[in-house]
Amino acid sequence: MSAVTAEVREAVVKKRRGHPSSHGEARFGFAMIGLSVLFVAVFTAIPIVASLGLSFFSWDVISTPEYVGLENYRRLFTDGPVLKSFGVTLGMALAIVVLQLTIGLGLAVLVNQRKLVWVRTLFRTAFYLPLLASTAAVSIFMGYLFDYKFGVVNYYLGLLGIPNVPWLTSGFGAAATIVLIAVWQQIGFTFVLFVASLMSVPTDVLEAAQIDGAGGLRTLFRIKIPLISPTILFAAVVALINAMQLFDQPYIMTKGGPGSATTTVTISMYQKGFQNLQFGYGSAIAIVLLAAILVITGLQFLAARKLVFYQ
Amino acid sequence: MTESTGTLARIGRITGVAVLVIAAMIALGPLLWTVTTSLRTPAEAFSNPPQWFPLHPDFSNYSAVFDRIPIGRFFVNSVVVTGLIVVGQTITCTLSGYAFAMISFPGRSVVFGIFLATMMVPLQTIIIPVFVIIRYFGLSDSPLSLVVSALGSAFGTFLMRQYFMQMPRELGEAARIDGASHFQTFLMIYAKMAGPAIATLAILNFSGFWAEFYRPLIFLQSQDNFTLPLGLVGLQGNLGTGSISVVLAGVVLAILPSVVLFIFAQRYFIAGITAGASR
C-alpha cells in the first residue's frame, strides 16, 4: 500500500468525522452560506433584535427616536382596545385551530378509507383548491357570498325560511364568519398532512387490531390517532402560529369591525405602527404577540408530552 | 359476520361518502360561483339565484377589468416579484443547504442553530424593523423591496439541507479524489440530484409569494407598483357595488396561474406541505 492511498484514506476518514480537512473546505463552506447568512441576518435576525430594541423607544420615523424605557409596555397593558384585540385574536385563533384540526382529521380518515386511488386524488384536489387562492381573493368573493342583502348564502337560507343572517355586519357574526372562511381555506393543509401520515400507519398493526375484533371507531381512537399524534401536534403548532397572525381577511372584509369585533392584534399593530406612525408602540405590540405565540406553542409541546405518542 | 353488522357497516360507508361529497361541494362551491359569476353580465351579476352553469357566458368582464384598472401592470409586477424571489431563494437556499449538510466549517452548528431559531419568529412581529431597513436602502414603494427582503430563507435552507443530508457522501469524496473542486462537486454531482427538493421549494415560494398581501400592503404606496392581490382589493373599493362580475373576473385571473401550476405539479405542492412535518 502506498503512502498516497493511506493519506487519501485518512483525509476521507477525517471528513466523515466532520473535521475540516483543509482551510479550503472551511473557506468554501463560508462562501456557500454567505448569501443566505447575509439576507437572513439583515431581514430576519437583526429585525428580531431591532423589534425588541424599538419597543423601548418612542419614534415616528421622522424625528430622532426617544428612549422611553418600559413606557410602551405600560401603555399597552392599560390600552383597552389593544388588549381587546389580543382577546379577539386568541378566541378566533383557538376556534380556527380546533375546527381546522377536527374537520381536517375527519375528512382525512374518511378519504383514507376509500380504496380507489383516483377517488382519493379527486377529494384531495377538491380540498386543496381553496389553498391556491390568495387570502385577498378569498376575502373578496367571500365578502360577496356572505353579503347581508344580496349574498348567495342568505339567499339559500331564505329559501329554507331562515331570515337574513348578519354574517359580516354583527360583531359575533363577523368574527365567526371570518373563522369559518379561514377554516374553509386552510382545511387542505391539515387534510393533506393527515392523509399522508394515516397512509404511513403500518397495515399489519391495523390487521392485528381487526383480528382482535376492534371496530372502526376503536381502531381510529386507539391506534390511528395515537400513531399519527406527532403529525397532529405539528399541525396544531403551525396552524396556531398562522392563526395568531390573522390579518388579511378581517382587514379586507370588515376593516376590523363592526366596531372592533374583528380587530386582531396584527390589525392594531398595523394601525398604531403604520397608520399612526408609532413605531415604538407598534414594536411593543409585536413583541407581546411574539411572546404570546411562544408561550402558547410551549404549552402545546407541554401538553404533547402527555398526549403525543412517539414510536 | 352477522347480517346486522354488515348493514351497519354499509350505512357507515354510505354516510362517509355523503359527508365527503358535501364537504367537497362546500370546498368547491365558492370557487365555482366566482368563476360562473365572472361570466354573467354586470347587470345580473348580483341577482339571485346564482347561475351555477353559465349557459350564456359573457366574457366582457374580462376586457372590462383591463380597461378599469391597470391589471396588466399588476400582473407584470406580480410575475417579476414572484419570479425573482423564486429564482433568488433557489440559489441562496441550495448553496447554504448544501454547505450545512455536507461541508464542515467552524461555527456551522451555531449558525445553523440561529437559522432554526429565526424560523420560529413570524414575519408580522418583525415587519416594523424590516420596513425601516427597506426605507434605509431607499427601496420604499418599490416592488424590489419585496424581492430583496425575501431572498434569504431559513426554512428554505432547512428544507434543502434535509434533502442533501440523505445523499451519499461517497459520491463527492470520489469526485474530490478525482480532482474535482468543492464547487464542481456541488454543482455537477449534488445539485443535479436535488431537483425534487428544488422543485418543492420553488413551488412553495411561488404559491406563497404570488398570493402575498401583507408585505405589499405595507411596502407599496403607488398603484403602479401594486402586485395582483393588493391591486384587486383596491379594485373592489374603486368600483363599488355595481359590477361585481368585473371584480370577480380579476379574481379569477389572479388565481388561474396557481391552479394551472397545481395541475402540472401537484405532487410538489403536497411535498411542500409534508416537508415541514418530517422533523
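Let's start inside chain A, at Q100(A), which sits in helix α4 (residues 80-113) of that chain. Keep in mind as you look around that this is a predicted model. Is Q100(A) buried or exposed? With a relative accessible area of just 2%, Q100(A) falls under the 20% cut-off and so counts as buried. As for what surrounds this glutamine, leave aside anything up to four places away in sequence, and Q100(A) touches V183(A), Q186(A), I187(A), F189(A), T190(A) and A239(A).

From there, step out to where the two chains meet. On one side 89 residues of chain A are in contact, and on the other 92 residues of chain B. The size of an interface is often given as the accessible area lost when the parts come together. For chain A and chain B that buried area is about 8100 Å², with carbon and sulfur atoms giving 79% of it. If you want to find the residues of chain A that lose the most area to chain B, click on M32(A), F43(A) and Y144(A), which together make up 10% of what that side buries.

What about charges and polar groups across this interface? The rule finds 0 salt bridges between chain A and chain B. Polar contacts are there, though: the count is 9 residue pairs, with both partners at pLDDT 80 or more. Which helix of chain A gives the most to the side that touches chain B? That would be helix α2 (residues 23-54), with 22 residues.

So where are the salt bridges? Over all chains the count comes to 2. One of them joins R74(A) to E71(A), whose closest N and O atoms are 3.0 Å apart. These two residues are 3 residues apart in helix α3 (residues 71-76) of chain A, so about one helical turn separates them. R74(A) has a relative accessible area of 54%, which puts this arginine over the 50% cut-off, and therefore it counts as exposed. E71(A), at 36%, is partly exposed.

Now flip over to chain B, where the side chains of R215(B) and E212(B) meet in a salt bridge with an N to O distance of 2.5 Å. Are the two partners buried or exposed? R215(B) is buried, at 3% relative accessibility, and E212(B) is buried too, at 13%.

While you're in chain B, have a look at its surface. V76(B), V80(B), L84(B) and L144(B) form a nonpolar patch there, and together they offer about 330 Å² of accessible area. Where does the largest share of this patch come from? Helix α3 (residues 71-102) of chain B supplies it, with 3 residues. L144(B), for its part, is found in helix α6 (residues 143-148) of chain B. This leucine has a relative accessible area of 43%, which makes L144(B) partly exposed. A residue needs over 30% relative accessible area to join a patch, so L144(B) clears that bar at 43%.

Another spot worth a click in chain B is V35(B), placed in helix α1 (residues 3-37). At 38% relative accessible area, V35(B) is partly exposed. How far apart are V35(B) and L248(B) in sequence and in space? Along the chain they are 213 residues apart, while their C-alpha atoms are 7.3 Å apart.

Last stop: the backbone of chain A. Most residues other than glycine have a negative phi, and most peptide bonds are trans. The peptide bond from G257(A) to P258(A), however, is cis, with omega near -5°. You'll find P258(A) in the loop between α12 (248-253) and α13 (265-275) of chain A.

Then there are the positive phi values. Phi of V61(A) is near 80°, and V61(A) is not a glycine. This valine lies in the loop between β1 (57-58) and β2 (66-67) of chain A, where V61(A) is buried at 10% relative accessible area. L277(A) also has a positive phi, near 55°, in a residue other than glycine. Look for L277(A) in the loop between α13 and α14 (279-307) of chain A. With a relative accessible area of 34%, L277(A) counts as partly exposed.

How values were computed: Residues are numbered from 1 along each chain as its sequence is written. Chains are lettered from A and ligands numbered from 1 in the order in which they are written. This is a predicted model: local features need pLDDT of at least 70, side-chain atom pairs count only at pLDDT 80 or more; totals for chains, interfaces and linings use all residues. Side-chain values use heavy atoms; hydrogens and water are left out. Patches are made of residues with over 30% relative accessible area and no salt bridge: like charges are joined within 9 Å, nonpolar side chains (Val, Leu, Ile, Met, Phe, Trp, Tyr) within 5 Å. Accessible areas come from the Shrake-Rupley method with a 1.4 Å probe; for residues, only the protein chains shown count as cover. A salt bridge is a side-chain nitrogen of Lys or Arg within 4 Å of a carboxyl oxygen of Asp or Glu. Helices (H or I, at least four residues) and strands (E, at least two) are DSSP runs, numbered from the N terminus. Buried means under 20% relative accessible area, exposed over 50%, partly exposed in between (1.4 Å probe, protein chains only). Contact means heavy atoms within 4.5 Å. Buried area is the accessible area (1.4 Å probe) that two parts lose on being put together, summed over both. A polar contact is a pair of N or O atoms within 3.5 Å; within protein, one must be able to donate a hydrogen and the other to accept it, and residues adjacent in sequence count only if both atoms are side-chain atoms.
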